[in-house]
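Biologist: Could you take me through this structure, beginning with the cysteines and then moving to the sheet?

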Amino acid sequence: MAATAPRIKLEEVFQENGGASVEGTKAAISKVLTRTERFQVRVRKHIDENYTEFMPNHTSPDIYLEESVSLDREIHDLLETVGTEGLGAMDEAHNKLAASGRELREVVLGLGISELVLKIDQLFQCVEEAKVTKDYLVVLDLVGRLQGLIYGEEAPPDVRRVFQALDCYETVKVKYLVQAHLLQQNLQERFDRLVQLQCKSFPTSRCVTLQVSSDEAQLQDIVQALFQERYNPVRLCDFLLENCIEPLILRPVMAQFSEAAGSDSFSQLSLSYSTKEPGSAQLRPSYKQVLEHFRLLLQTLAGINCNVSGDQHVFTIIGEHVKDRMLQLLVEECLIPAVPETMEEYQSSTLCEDVTNFEHLLADAFLINPEEDRALGQFVEQYETYYRNRLFARVLETAREIIQRDLQDMVLVAPNNLASDVAGDPFLFPRCMISKSAQDFVKLMDRILRQPVDKVVAEDEEGTDPLAGVISIMLQAYIDEVPVVHRKLLDSIPQQSVLFYNNCMYFNHWVAQHANKGIDSLPALAKALQVTGQKQFRVQVSYQTSILMDILQGFEFESPHTLGTGPLKLVRQCLRQLELLKNVWHNVLPEMAYNSTFCELLNAFSVELIRRVFTLRDISATMACELSDLIDVVLQKAPGLFREPHEVMQVRSWLKLQQLKAMMNASLKEITELWCDGAGPLTASYKADEIRHLIRALFQDTDRRVKAISQIV
């Protein structure tokens, strides 16, 4: 009885759990184990034939997969039959059934591994079938699923761990890698047939041809499959950048585009350009031509620009490799050089609108993201600054080119402003000659002031035109550079120096007229122009004075009794020098400046001549007569140096020279009367010592001379 009690309880328990008996459960477990072992043998043979021994085998893995699912379901039903309550009520049977449960779980693990391998095998067969139909998107999907089963997390951890320890695991991996490589290779070959990129190089030129198939359905399937796979587009991007994008920006390119005529034809773009190193003389392609060629390039390649995943397109992938270099070259080598340099070009330019439209084109093609790739947007934002800098540079370049021109090329200004008119109105510029380059310089400054401020740049806080600042730079450059550039001619040619003086005075007059235009450093500029012009002019006047003095260095008296021919020759030479100077200065300098300058030169000449006469201690009657004639030559010739002869009276020593001539012919009494006890006309030019010296030289020592000298006080 004791032996049967547990049996009754066990049976009761099984009755409660569904009416099954222990013996029946054991028999069912044994039967399932037998079937599972036979199934595993068949599956192992299938795996060995396919992945170890590589024997011919045409059995489909679908049969094994269905049987595996059926066995898995039966095993789980048995595990539910052997419930935890029944097991808890058993002693000896508990251990046996628990062992059977563990064995069943091991069988489930084995079945999971078998199912994993069979799924992989089934996918490999599907890959082969899809390759026959050339359905590359299906092949791509199957290869992706294979990757997930072999390397991914789709299988349970225990199944994945045991699977990776199997002998067939390495074979499965190799087979997968072969299929992935073949897929990549097939896609690349198909892509190369549909998108043909050719480059032919010649000694001095290159011809690039791009052909894209018009079969959009096939092309996009291939492109989508290729770019979804682990595809490295570096070769394609490098070809486009080096052979298409960079030459389009940097070199003149001849582009020919032909659109596809049918589904079997190709769209074609041919680019031809020189491969010589671009020199300074080579013409830069216009920005409009560059942008148009880019549109043709994008139009040609539009067929491959399909969506790959999410918001990512093929051009997005290509753009990641080329857009930085492309945008940099576009801005630096194409757009900035295309910024207008003149106000006329600025007013007619559509550069900003064209660049904005081109940026939209690139964004619509997904080649750039305008929110992140800001190069073109920033160019448009800084366009006014670029224009002002270009205008400044062009203006300064033009100004320096004008500075280099010959000063000798002259033009008459203010022809109707006579000296009398200028004397009555100091705001008038006097009639004179200036360099034509100076006139062009002023025209350039006038153009700058006439430019429309509100269109170019906004006015600054003080309401002044920011472009007016360039005028002060121009004038300062003229002040600094002309004396250096034309140094030799300014020093050696009298006309050059007075032209430079006139130019500076003309600029100074212009600055005064435009004092309300906001020109920077106006007072300093006016002062600098006056000082620079006067300085160069004074150098030339001093040089001409030194020439006269050098000539008079040879003024010597051959004997105390006669003057000889030497002094007269030297005086005539000095007058000839002044006559030559008159020829180059008379119509160039303003009349007042000319008169004052010649008065200064004549004064220096007259003073030196008088000084030479006063070095004589004894003047004979003959020599006095000759000196009178010599002085008379000066008195006769000098007035002819002026437009109005009476201007010679402005020479400070002119009266003194006239009085010296008179004293050479006067008697002792007449000289005494001219002095008139210090109240006569001689006192305007002579001192008493000079008159006494002259009396002693002209007259012999007599009581009358002594008396006359005593009256000169």
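The conversation below covers the cysteines, then the sheet and its helices.

Modeller: This is a predicted model, in which local features need pLDDT of at least 70, side-chain atom pairs count only at pLDDT 80 or more, and totals for chains, interfaces and linings use all residues. Residues are numbered from 1 along each chain as its sequence is written, and side-chain values use heavy atoms, with hydrogens and water left out.

Biologist: How many disulfides does the structure hold?

Modeller: It holds 0 disulfides, a disulfide being a pair of cysteine sulfur atoms within 2.5 Å.

Biologist: Why does C244 have no bond to C199?

Modeller: The sulfur of C199 is the closest cysteine sulfur to that of C244, but at 8.3 Å it is too far for a bond.

Biologist: Is C244 buried or exposed?

Modeller: C244 is buried, at 0% relative accessibility, whereas C625 is partly exposed at 39%. Buried means under 20% relative accessible area, exposed over 50%, and partly exposed in between, with a 1.4 Å probe and protein chains only.

Biologist: Now the sheet: what is the strand order?

Modeller: The order is β1-β2-β4-β3 in an open, antiparallel sheet of 4 strands. The edge strands, β1 (195–201) and β3 (253–258), each pair on one side only. Strands (E, at least two residues) and helices (H or I, at least four) are DSSP runs numbered from the N terminus, and two strands pair if DSSP finds at least two bridges between them.

Biologist: How many bridges join β2 and β4?

Modeller: Strands β2 (residues 205–213) and β4 (residues 266–274) pair over 9 bridges; S205 has S274 as its bridge partner in β4.
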